[in-house]
Each structure stands twice: as structure tokens, then as C-alpha cells.
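Thanks for asking me to look this one over. Here are my notes, set out as short points to read with the model open beside you.

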Amino acid sequence: MDTLPYTILEDIIDLARFGQIVTLHEATGTVYVARKSSIANIAAVNNTFRHIAERKTFEELQLTAGSLPRAYKILSRYGRFAYVKHITFVVLLPRYDQEACTRYETAEEKIDNSQMFTQCVELLFSFLRVWPRIWMSQDTALCLSLEVNSPTDLIEMEHTDLNEEHSEVRWCPIRGVRKQFGVAIEGDCFQWRYIRSTLNLTRDTLSSTYRVRLPISHFEVSPFTHRFIGGASLNTITSALDIPALKSVMWEIGDCEKKDLAHAARAIDDLPALDQVTLCFEHHLPLDHDFNPAVVHDPNSRSDPVSCALRRVTQRSKVVRFGGVLGSTELFWPIDRSPESEAPQWELLESLTIDYHIATPDGRWMFTSDEDMPQIHGSHHILLEHEPKAERAEEDAEPYQWRHKAIPKIMDTFYLRAAQAMANMPKLQAMKLVAMNLPSSDHTKGGENFTHKFSFIVGENRRASALWETSRSYLPSRQVRRAWEKSAYERSLEVECRVRCYPTASEEDYDYHSDTDNDDYDDDDADYDDDDYDDDDYDDDDYEEEEEEEEEYEEDEDDEDDE
């Protein structure tokens, strides 16, 4: 068997490790794998089998603070450190009782969690710090994932039997059962218990005592657990790693109290040039739309540090996705840029996706009321069902969602800055801007009535499309369309601007996917003032002069042909 190709031996060992594979279930198209614990027997066949089996076994590790000593002992034998490619470190926070499941975390519980978090992170960095130097090279760079949860956070999934041998696992938060207690708890608030909290390092010893020289190529922080790490602590953790080796990051950051924005911006600014960036910086807007969003920009410069840091990281990255951010024009262009300063450039950026909230850093809503849309009293969104009402802030006490109509003046400015930036993105192939809102889908046709999104896609033969998908309440102004046409022209692209309107509740017979031609609407109805767009790069006179020059050039060519 040693004479077989290495890839065939790997397939044989995979089959032996995982046992019988049921390829497909007819009803769902799901592939099922029945695992068998036979790895020890496989490794005992010979050295070749042991090498393959151990490489696959230790390639991905999930560790906790309690398992680190044993993991180091096992990895020290037979050079197993060389097999490790991905480490998922789970910070286990203290358990809590059933009563605590129905309320927010107290100040004392937050302190206890931060202390446990600090202790576990220090143990992780101690483990990484003593990694044998022989494996410290760019070729053996690790992927590091940092997850945080309490054993009480874990929810039992709903199981639906499909046949006698297999079952399909489905997630059902409404009927979720805490694994620790085995029963559903009345008034359980699930992730709302901690989603408004942040974990912070209680002492700053990582950079000085536990600094890691091991190359880390990919760094994930709290992916999809909603246990957020404070900006200052995230900055400290990142600074203790070997930053130049990073190629990609996936961070989930939250700051409900808006007290740590400067440190979060600094952590983002410290990131090097990256191939891929996924950042979710979750802002919590008022659930009652009668209240205004919080003002988070600097009171002196009126600039938002987080939006500026996010823009700067796009200038040195290839593929970028942001989620939960505010709809700030500074994601594309600085507001305090002087005419003499150099314009921002995006030499590497190939793809940009931004899911943004319908609010600006200066505390303004980007959407207003729409007569054709229902005003929703109470919470209908599945993510809001379990938040304890008695402990909510005044602006969240009773959800009242009525902002479904984009404000033309604000949205036009947003899209003008995006077009301005696109002209300086020579490699950009795709840009998607999606407005985030949380109304119920019960009152909509297909759950899409409140959607507002924009996409810019570069296709074949230098042809591009700029598509707005929105309700009829917003149509991009002529100035916005010209800005995108001009920016595309500067990149030697031919762009087609289109608008696709979604139906309102009173337009049941309206074609959901019909495209609205640019000539079908009048710019005189647009609610904006041309004086508000005073940027020299988008002067209508300059644009008309360019068109006149092109027409004169074409006339000269026609005269030459006639001669």
C-alpha cells in the first residue's frame, strides 16, 4: 500500500476516519456523514499512515484555557506543531442561573466576565509565546479564531427526524432550550442578556509580557457569538500579535454605549495591508423612530473616527465587507480634506460590500415616513422578540418603526461620495451598498418592500452597471447619475444607470422586477438643492464642457470624412 500515490492514501484515511458516507438525502439534498473514532488504529498501520492521520487530526484545534497544558504536551511529540494550521480558542465565561437568563447582565457580572476573559487571553498568549521557534516562519502562519461564550449561552437546536437513521438539525430561537437546564425558560431573553455588554481586559500585560512572535495569517474575533470585545482591548490584543503576517481578519465589534469608538478606530487603523477584511461594527439605533440616533462624531472636527478608519483600511485591502456601520459619507471621502491635499486612492481594492444602518454619525436619520408603507407598532422582528422590555432604554421601550422612505438629499450626497471614490478605484469590480432596517416582513410582499440597495458591477468588455433597487419614493437625481457616469468614464468604463422599483403595499399588481428607465422620472421633483453639492470634482458646468468638447471633436471628424 505504500506504493500508492499520496493523494489516494489521504482519501483512504479520510474514509476510514469518517466511516460510511451517506451521499444525499432525497428530500433535502443534504449530505450526511457518520463519524467513527478509528484514528488511533489508522495511525498504528505504519509511519506513512501515522503522518497523514496526525496531520489531519492536528490541522484544526479547538482549545480552552483548561486544555492548553495537555495540548502543548501532545503537540511536542513527533513534531506535531508543524501540522497545526488553525486554532480556535474558546474563552469560557462563568455560568449563570435561570433567573439571570431573563435579564441583562449586571455591573458585577460584567466585571467577573472581563476578569475571566483577561485570564484566558493571557493563558492563550502564554501558549502561543512558547511555540517552538523551528516552526516560526511565514510558511507555517496560523489562523487564529477567538470565541467567547458561557456554557449557559448554548441553546439546544430543534431536531426534525427525516428518516430512521438521520435527522436534520434546524435552529429555532423561539423554542430554544438551554443545554445547561434542559428546559425552556419563561421570559428567556437569549442573546439580549449580553449583546449590549462589552468584554474588556482588566490589565494591560499582553504587549509587554505575552507578546507573540508567531506569524498569524488570519485573525477572527467573536464571529457570530455576539459577545463583543471592547475597542481598547481589541487594540491591545492585536498589538501583541505579529501584525505584518496578517492576510485576513474577521472581527465582530460592538459598542452600545459609544464610549470606546476612538480605541476601536485605532485597532482598525493598526491593521496592515490585507487580502480580505470582514468587519461588523454593530451600532444599536433607537427602536422607536421618533427618537434621533446618537451623535458619535468628534464635536470639534465633526468627523467620525470609526468611519474614517474603515475607509483607510479599504485603501490598503483587496476584498472588504462591512456590516452594522453607520451610513457615513466618510466611508468614501474625508469631509475635512483640503483642496491642496492628495485625494484618497484605492490601488488594491477589488470588491467592497457595505451593509449600513439608516443613520449618520451626526445623529440624522437617512430615511423618513412613507405614506404607502405601514407604521409598525411593537416588535415583529425575530431578533427583537426576546429583549426584556422592562429594562429597555426610553428610545427602545416600545418599537415604533416608520422610516421606510429614503431622504433624497441625504442619499444623493451618500451616492455622490461613493461615485467620487469609485473613480480612484482602478481595480474595483463590485461595490454593493445595502441599507439595514428591522421592520416586520409580515406587512410586505415577499419581505422586500423596505429594501434599499445599490450595486455597481464591472462586466465584460469594460461595460459596467449601476443599479438602484428601492421603492418609488427615492430616485437618484440627475447629478448622481452623471457623477457615476463621469467616474466610470475616468476609468474607461461604459456604465448603464438603472433603477428597479419595489412595489408598495398599495401596488400589489406592480411588476416586482421591472426596471425604471432614467427618462421616466423628472428631476424637478427631487428634494435636493444643487447648492448643497459644491464639490469641484462634480461641477455640472465642467461635465457639460466635456460633452461639448466631445461633440466638437465628433463634428470635426465628420467634416474630415466629408472632405
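1. A residue counts as buried here when its relative accessible area is under 20%, as exposed when that value is over 50%, and as partly exposed in between. By that cut-off, 48% of the 563 residues of the protein are buried. Please keep in mind that this is a predicted model.

2. On the overall make-up, the protein has 12 helices and 25 strands. Among contacts with a separation of 6 or more, 77% are between residues 24 or more positions apart. The accessible surface comes to about 28300 Å², and carbon and sulfur atoms hold 46% of that area.

3. The largest nonpolar core is a good place to start browsing: it has 108 residues, and Phe 219, Tyr 415, Phe 456 and Trp 484 are those with the most contacts inside it. Helix 10 (residues 408-422) supplies nine residues, the largest share of this core. Another core lies apart from it, with six residues, including Leu 9, Phe 49 and Ile 52. In soluble globular proteins, nonpolar side chains tend to be buried together.

4. What surrounds Trp 484, beyond its neighbours within four places in sequence? Its contacts include Tyr 415, Ala 418, Ala 419 and Met 422, and helix 10 spans residues 408-422. Also in contact with Trp 484 are Met 431, Phe 454, Phe 456, Trp 468, Val 495 and Cys 497.

5. Do have a look at helix 9 (residues 305-314), where eight of the 10 residues are buried. Those eight are Val 306, Ser 307, Cys 308, Ala 309, Leu 310, Arg 311, Val 313 and Thr 314. Their cover includes helix 8 (261-269), along with strand 14 (274-282), strand 15 (317-326) and strand 16 (351-357).

6. Is Pro 388 buried or exposed? Pro 388 sits in the loop between strand 18 (376-377) and strand 19 (400-401). With a relative accessible area of 12%, Pro 388 is buried, because buried means under 20%. Setting aside residues up to four places away in sequence, Pro 388 touches Thr 102, Arg 103, Tyr 104, Cys 189 and Trp 192. The C-alpha atoms of Pro 388 and Asp 188 are separated by 8.5 Å, although the two residues are 200 apart along the chain.

7. Finally, the surface: Leu 4, Ile 8 and Ile 12 form a nonpolar patch with about 200 Å² of accessible area together. Ile 8 belongs to helix 1 (residues 6-18). Its relative accessible area is 38%, so Ile 8 is partly exposed.

How values were computed: Residues are numbered from 1 along each chain as its sequence is written. This is a predicted model: local features need pLDDT of at least 70, side-chain atom pairs count only at pLDDT 80 or more; totals for chains, interfaces and linings use all residues. Side-chain values use heavy atoms; hydrogens and water are left out. A nonpolar core is a set of buried Ala, Val, Leu, Ile, Met, Phe, Trp, Tyr and Cys residues joined through side-chain atoms within 4.5 Å. Buried means under 20% relative accessible area, exposed over 50%, partly exposed in between (1.4 Å probe, protein chains only). Helices (H or I, at least four residues) and strands (E, at least two) are DSSP runs, numbered from the N terminus. Contact means heavy atoms within 4.5 Å. Accessible areas come from the Shrake-Rupley method with a 1.4 Å probe; for residues, only the protein chains shown count as cover. Patches are made of residues with over 30% relative accessible area and no salt bridge: like charges are joined within 9 Å, nonpolar side chains (Val, Leu, Ile, Met, Phe, Trp, Tyr) within 5 Å. A salt bridge is a side-chain nitrogen of Lys or Arg within 4 Å of a carboxyl oxygen of Asp or Glu.
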